[in-house]
Amino acid sequence: LLTEGGVARLVKRLDGEQVLADAPLAWELGQAYHLRLIVAGNRIEAWVDGDLLLAGNDTETPLTNGGIALVCEAGRVGCDAVTVE
């Protein structure tokens with residue numbers, strides 16, 4: 001998530017919300033960003049514009065399979081492509 005106050009946050013939502021990691025990120029509304037997640041086992045890395053920004057371990061009931069979604073709670077989302085490999 002890119003949140004108000006210039007914070008990027010890696011969040012797991014399953015029976016509630018768990019913040020796995022967060023870091024400052026001076027982002028601007030309307031600016032395009034390349035977001036990338038790498039998941040291996042219970043380790044999750046979040047990359048922004050080619051730079052590793054967040055890393056965390058999902059130690060409580062890690063998700064071993066499932067799907068993806070683009071979510072917008074407030075503001076806007078625009079994307080050119082979503083790729084899952």
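## The β4-β5-β6 sheet

Let's start with an open sheet of 3 strands, ordered β4-β5-β6 and paired in the antiparallel sense. β4 (35-40) and β6 sit at the edges with a single partner strand each, so one side of each has no neighbour in the sheet. Going from one strand to the next, the twist averages 20°. Keep in mind that this is a predicted model.

How is β5 tied to its partners? On one side, 6 bridges join β4 to β5 (residues 43-48), with the two strands running antiparallel. L35 is a handy marker here, standing opposite V48 in β5. On the other side, β5 pairs with β6 over 6 bridges, again antiparallel, and there I44 stands opposite G56 in β6.

## The turn between β5 and β6

β5 and β6 make a hairpin, with 2 residues between the strands. If you're scanning the backbone, stop at D49: this turn residue has a positive phi of about 50°.

## The β1-β2-β3 sheet

There is also an open sheet of 3 strands in the order β1-β2-β3, with antiparallel pairing. Its edges are β1 (2-3) and β3, each of which pairs on one side only.

For β2 and β3, 7 bridges hold the antiparallel pair together. To find your way along it, look for L10, which stands opposite A21 in β3. As a reminder for reading either sheet, side chains in a regular strand alternate between the two faces of the sheet.

## Salt bridges

How many salt bridges does the structure hold? The count is 4. One of them pairs R9 with D22, with the closest N and O atoms 3.8 Å apart. This pair links distant parts of the chain, as R9 belongs to strand β2 (residues 7-13) and D22 to strand β3 (residues 17-24), 13 residues apart. Both partners are partly exposed: R9 has a relative accessibility of 25%, and D22 comes in at 43%.

Another salt bridge joins E17 to R13, and here the closest N and O atoms are 2.9 Å apart. R13 is partly exposed, at 43% relative accessible area. With strand β2 covering residues 7-13 and strand β3 covering residues 17-24, you can place R13 in β2 and E17 in β3.

Over in β5 (residues 43-48), E45 forms a salt bridge with R43, the closest N and O atoms being 3.9 Å apart. Is E45 buried or exposed? E45 is buried, with a relative accessible area of 18%, since the cut-off for buried is under 20%. Its partner R43 has a relative accessible area of 33%, so R43 counts as partly exposed.

## A nonpolar patch on the surface

Which residues make the nonpolar surface patch? They are I68, L70, V77, V82 and V84, and the patch they form is about 500 Å².

L70 is worth a click of its own. This leucine lies in the segment after β6 (51-57). With a relative accessible area of 57%, L70 is exposed, because the label applies over 50%.

Notes. Residues numbered from 1 in each chain as written. Predicted model: local features only at pLDDT ≥ 70, side-chain atom pairs only at ≥ 80, totals over all residues. Heavy atoms only, no water. Patch = residues over 30% accessible without salt bridge, like charges linked within 9 Å, V, L, I, M, F, W, Y side chains within 5 Å. Areas by Shrake-Rupley, 256 points an atom, 1.4 Å probe, with all protein chains shown as cover. Salt bridge = Lys/Arg side-chain N within 4 Å of Asp/Glu carboxyl O. Helix = DSSP H or I, 4+ residues; strand = E, 2+ residues; numbered from the N terminus. Buried < 20%, exposed > 50% of the residue type's maximum accessible area, 1.4 Å probe, protein only. Pairing = 2+ DSSP bridges. Axes fitted to C-alpha atoms, helices over the stretch in contact; angles between N-to-C directions.
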